[in-house]
Amino acid sequence: MKPAVLVTGGTGYIGSHTAVELINSGFDVISADNLHNSEAWINERIGMITGKTPILEIADICDTARVDDLFRKYPAIKAVIHFAAYKAVGESVEKPLEYYRNNILSTINLLEMMKKYGTAHIVFSSSCTVYGQPDVLPVTEESPLKQAASPYGNTKKICEDIIKDSASAYSDINAVSLRYFNPIGAHSSGLIGELPRGVPENLVPFITQTAIGLRDELKVFGNDYDTPDGTCIRDYLHVSDLAIAHVKAVERLLNGRNKASYEVFNLGAGKGVSVMEAIKSFERVSGVKLKYRITGRRHGDIEKIWADPSLANRELGWKTIYTLDDAMKSAWQWEIKLREMR
Ligand code: UD1
């Protein structure tokens, strides 16, 4: 019998895909989400995919008493995966206090209740944003961390520190921070995927919304970077690959295979892809000619970054399976299904 995992932000983009993979691996999932940036029906979709609908608790993780209730109500919780957070970089610059309060308080609440109820294990949803523009590529976990370019990025760095200090001080807390590069794509069933509210900030949902006619054109933010085609380079990985890494991290903690009370892993494909290459991949798999225009650089964008994922390959026994084309194809299938629902 496998234990239950509390997934905060379990109806969100990465949370929902992770819930699927946890259930497929035999875990019970208790999902806690305030639906700030997601929809309750996603939880039903997880049930359709896996045959087992997670328990969904509509809960704000910043509400200490509510988090206390969750741990009291579900003693089967043996590990936490913490996704629930605000994530819009631009918005975080305009509303820093909301971002600091939401992202940091939720993390502290979870750690305090884990201590109170004797839940030892937490996997934290971090980001490669903590590296800023690295001097040396690819980025390893030893690469220096840079001052974050946005309050959002800073919350990831601060939460990592809070978790690291807690794991070091309290012998009953073990933690893994997973630093994601650029997750894209959707589940192969086409039943769950990214659900941006309003105008998407991220590249792939903007591409698919442009291709389906919701947006006039994609703005390519700059082609004067020091890269082969002048556009920025990122390390895109399929969200289902990313989800599986969370299952591996939870299993590592539950089985006591972690080598320290706090560990960090980069999660990427290990390959740099430019914005133009991403567009070409989309056009190739969808058969749609994308309308795009080169515009000025986006403030705060870094030029190029990609991961050295060898630590995760070795220690978690994880590597990406899906290609860029697979991910683009799944994102396009999801966009088409969404249009049928709109
Ligand atoms: C961004 C955040 C990152 C965060 C992640 C969460 C910044 C600087 N970084 O990553 O901290 O963890 O989102 O999702 O904001 N692009 C276009 N046109 C568009 C949208 C994007 O050309 O309309 C380009 C960007 O310049 C970039 C690439 O596409 O080169 C990827 O952009 P995006 O999907 O927003 O991700 P990041 O900026 O890498």
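This section describes the surroundings of the ligand, the pairing of several strands, and a number of loop residues in a predicted model.

The ligand is surrounded by 19 residues, and the closest are Leu203, Lys219, Arg234, Arg298 and Asp301. By residue type, the shell around the ligand divides into nine nonpolar, five polar and five charged residues. Two domains take part in the shell. Domain 1 (4-184 + 237-267) and domain 2 (203-233 + 270-311 + 324-341) each supply at least three residues. Strand 8, which spans residues 218-221, gives the most to the shell, with four residues.

Polar side chains approach oxygen atoms of the ligand. In the case of Asp301, a polar side-chain atom lies 2.5 Å from an oxygen atom of the ligand. For Tyr152, an N or O atom of the side chain is 3.1 Å from an oxygen atom of the ligand. The side chain of Asn202 likewise has an N or O atom 3.1 Å from an oxygen atom of the ligand. On its own, the ligand has 740 Å² of accessible area, and the protein covers 87% of that area.

Strand 8 has side chains that alternate along its length. Leu218 and Val220 point to one face and are buried, whereas Lys219 and Phe221 point to the other face and are not buried. Lys219 is also among the residues closest to the ligand. Strand 8 runs parallel to strand 13 (residues 292-295), and four bridges join the two. Within this pairing, Val220 of strand 8 stands opposite Ile294 of strand 13.

Other strands also pair in the parallel sense. Strand 1 (residues 4-8) and strand 2 are parallel, with five bridges between them. Val5 has Val29 in strand 2 as its bridge partner. Strand 2 is mostly covered, as five of its six residues are buried.

Strand 5 and strand 6 run parallel and are joined by seven bridges. In strand 6, Val176 stands opposite Val123. Strand 6 covers residues 174-180, and seven of its seven residues are buried. The burial extends to both faces of strand 6. On one side are Asn174, Val176, Leu178 and Tyr180, and on the other are Ala175, Ser177 and Arg179.

The loops contain residues with a range of exposure and some less common backbone geometry. Most residues other than glycine have a negative phi, and most peptide bonds are trans. Leu35 has a phi near 60°, a positive value in a residue other than glycine. Leu35 belongs to the loop between strand 2 (28-33) and helix 2 (41-50). The relative accessible area of Leu35 is 23%, so this residue counts as partly exposed, given that the class begins at 20%.

The loop between strand 5 and helix 6 holds Pro138. The peptide bond from Leu137 to Pro138 is cis, with omega near -5°. Glu142 is found in the loop between strand 5 (121-127) and helix 6 (151-169) as well. Glu142 has a relative accessible area of 71% and is therefore exposed, the cut-off for that class being over 50%. Between Glu142 and Ala19 there are 30 Å in space, C-alpha to C-alpha, and the two residues are 123 residues apart in sequence.

The loop between strand 7 (182-184) and helix 7 (203-211) includes Arg197. His187 is found in the loop between strand 7 and helix 7 too. His187 is buried, because its relative accessible area is 10% and burial requires a value under 20%. The side chain of His187 makes a polar contact of 2.7 Å with the side chain of Ser189. Arg197 is partly exposed, with a relative accessible area of 42%. In sequence, Arg197 and Asp68 are 129 residues apart, and their C-alpha atoms are 30 Å apart in space.

Terms used: Residues numbered from 1 in each chain as written. Predicted model: local features only at pLDDT ≥ 70, side-chain atom pairs only at ≥ 80, totals over all residues. Heavy atoms only, no water. Near = heavy atom within 4 Å. Polar contact = N/O pair within 3.5 Å; in protein donor to acceptor, adjacent residues only side chain to side chain. Areas by Shrake-Rupley, 256 points an atom, 1.4 Å probe, with all protein chains shown as cover. Nonpolar A, V, L, I, M, F, W, Y, C, P; charged D, E, K, R; others polar. Domains from an automatic or database assignment. Buried < 20%, exposed > 50% of the residue type's maximum accessible area, 1.4 Å probe, protein only. Pairing = 2+ DSSP bridges.
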